[in-house]
Amino acid sequence: MLDPEPGARRSSFEAARSLEENWGSICDLWEENDPERQPYLVAFMPAESVDTVYRQRQWIAHSPEEPTGRDELRDFLTWELRQAELVWSPGGAKGFVSGREERLQQAEWALIGEQAVWFCAFLYDETLSGQIRAQHTRTLVIKYLVDRRFAQEILAARPRRRIGRIDLVAYRARQDLRAHFEGRPDWTPLTEAVKVSRAAHDPGNQQLLRSMEFMLDYQGAMQRARQYPYTRVPEGSSGSTHILQIDRDRDLEYRHSNPLLTAFAADPRRRPALGDFAAALLAEQAEKDGEVVLDVVAGEGTPYFGRDRVHVFLVGRRDVDTVEVRISDARHLPPTGWLRPAQDRGTAIQFSRMARGVEALRQKQGLMRALHSPSSITINRGQWHPDDSDERSQLVSNAEKIIGKMLETHPFFALQGPPGTGKTTVATRAVQRYLRAEPGARVLVSAQSNGALDHLGLRLAEQLRTELAERRVLLLREIPDSRGSTACLRLSSRTR
């Protein structure tokens, strides 16, 4: 910022951003190395790490249920978190992993490690009913983890702080760790340093966020309402067919585990009885000439349809509470568990993406204002008139006027209309005209689904066939990556 050439100086925003991104390194240089200060305390849960760390990812060679495995897990975490940075995740682990929503939201402190992001919550005492009684801010407990490649929002989050030295202690639910507190530094100064204002002070932004959160909660209740607890009835089963009956006690507890689910499931038209639900699935599938597949998982608590789910075929409705299913090997059918339509398996992933999108939007005040109170300005008026009379004659209705308005309106223009009204045609013509008027320009085209983007891409390729043949325009189709990011098209025109 002291460069005598004004154009070479950093802006105040760039300087502040650079300070924020490198704050941990700056603190490492200036802070005194106090050998007397004890490391921060982090608790890990061996039992919960059996599936996530040992079986699924195979980051350790022995099960944490054994003493050797616990020691190995501690050593692994010591290496994994040796350069860890702390960031705040306003929604906790919601949207990144599956589980009870209130528990996911409590894990709002994320430690960025070498291979994963570790969602943590303060250690707390709870009653037998699950209510939090007291919170201990000298200990963070690792609750969930997600691979770094699936946590780009956390990796990009600011502000962040490097945590320095830590000590790791094994922990089980409701275990008393007060013996480890003596002399430990409090996490609060670090957590407060990375915590930023969640809600915009703009009432419109707050209302927008509340609306989006309610939409997600309502759609989540709709999804959970399609999951039923069952018990297998030995009588009536023969060969590969088996009888599953609703577990009324568990279903009652499940329906009252969430206020919105309670209200949604109160109407049998929204959540019918198990037998009626099965009959509706069969009637719907009959029009498609196929079989109804159900996902089944074992367990009596909160349902989790993970890798251990079993596929069964729905045969029919026995009565209002009972259904008949078919499976080749009865040993794979849990005697007690949960079922749902197999077609719902992608819904949870979509909800996770939407929840992460809402949390990312929460940090973008300007974008939220643009969404709930959009405003645009008109520039370059008159620049976008077509120079090709054939092009003008091929357009119908007011399409020509809309294209001109679209190109001269900034920062965005919304075009809405029912199917078949020419939205795709208008969009492709607008892109073509822009590239002709701005040699060397680049255009990014995105869509919510691959199918919609492919359709738009084909129309663009058809519309720009002359430019593509003469290599005046380059069109690239990007495919989704492993994180499921939205696919996009990139177009650029070449100068001559």
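## Salt bridges

Let's start with Glu470 and Arg472. These two form a salt bridge, and their closest N and O atoms sit 2.6 Å apart. Keep in mind that this is a predicted model, so every value here is computed from it. Glu470 is partly exposed, at 41% relative accessibility. Arg472 also counts as partly exposed, with a value of 26%. As a bit of background, side chains of opposite charge can pair when their charged atoms come close.

How many salt bridges does the count come to? The answer is 28.

## Asp295 and its partners

Now look at Asp295, which turns up in more than one of these pairs. Its side chain meets that of Arg309 in a salt bridge, at 3.8 Å from N to O. Asp295 belongs to strand β10, which covers residues 293-298, while Arg309 is in the loop between β10 and β11 (310-319), so this pair ties together parts that are 14 residues apart in sequence. Is Asp295 buried or exposed? With 0% relative accessibility, Asp295 counts as buried. Arg309 is partly exposed, with a relative accessible area of 29%.

Asp295 also meets the side chain of Arg340 in a salt bridge, this time at 3.3 Å from N to O. Here the link runs from strand β10, home of Asp295, to strand β13 (residues 336-341), home of Arg340, so the pair ties together parts that are 45 residues apart in sequence. Arg340 is buried, and its relative accessible area is 4%. Zoom out a little and you can find a network: Asp295, Arg309, Arg340 and Arg345 are joined into one by salt bridges that share partners.

## Aromatic rings

Rings get together in this model too, and the count comes to eleven aromatic pairs. One of them is made by Tyr228 and Phe277, whose ring centres are 5.1 Å apart. Their planes are at 35 degrees to each other, and the pair is tilted. A tilted pair is one that falls between the cut-offs: under 30 degrees would be stacked and over 60 would be edge-to-face.

Which parts of the chain does this pair tie together? Tyr228 lies in strand β8 (residues 228-238) and Phe277 lies in helix α11 (residues 274-286), so the pair links parts that are 49 residues apart in sequence. Both Tyr228 and Phe277 are buried. There is also an aromatic cluster to look for, formed by Trp59, Phe76, Trp79 and Trp118.

## Charges over rings

Two arginines are worth finding next to those rings. Arg271 lies over the face of Tyr228, at 4.2 Å from the ring centre. Over the face of Trp59, you'll find Arg57, at 5.6 Å from the ring centre. Tyr228 is the ring from the tilted pair with Phe277, while Trp59 belongs to the aromatic cluster.

## Surface and overall build

On the outside, Phe214, Tyr218 and Met222 make a nonpolar surface patch of about 290 Å². Phe214 lies in helix α8, which covers residues 203-224. For the whole protein, the accessible surface comes to about 28600 Å², and 50% of that belongs to carbon and sulfur atoms.

Finally, the big picture. The protein has 18 helices and 18 strands. Of its 496 residues, 39% count as buried. Among contacts between residues at least 6 apart in sequence, 67% join residues at least 24 apart.

Note on methods:
Residues numbered from 1 in each chain as written. Predicted model: local features only at pLDDT ≥ 70, side-chain atom pairs only at ≥ 80, totals over all residues. Heavy atoms only, no water. Phe/Tyr/Trp six-rings, centres within 6.5 Å; stacked < 30°, edge-to-face > 60°. Helix = DSSP H or I, 4+ residues; strand = E, 2+ residues; numbered from the N terminus. Buried < 20%, exposed > 50% of the residue type's maximum accessible area, 1.4 Å probe, protein only. Lys NZ or Arg CZ within 6 Å of the ring centre and 35° of its normal. Patch = residues over 30% accessible without salt bridge, like charges linked within 9 Å, V, L, I, M, F, W, Y side chains within 5 Å. Areas by Shrake-Rupley, 256 points an atom, 1.4 Å probe, with all protein chains shown as cover. Salt bridge = Lys/Arg side-chain N within 4 Å of Asp/Glu carboxyl O. Contact = heavy atoms within 4.5 Å.
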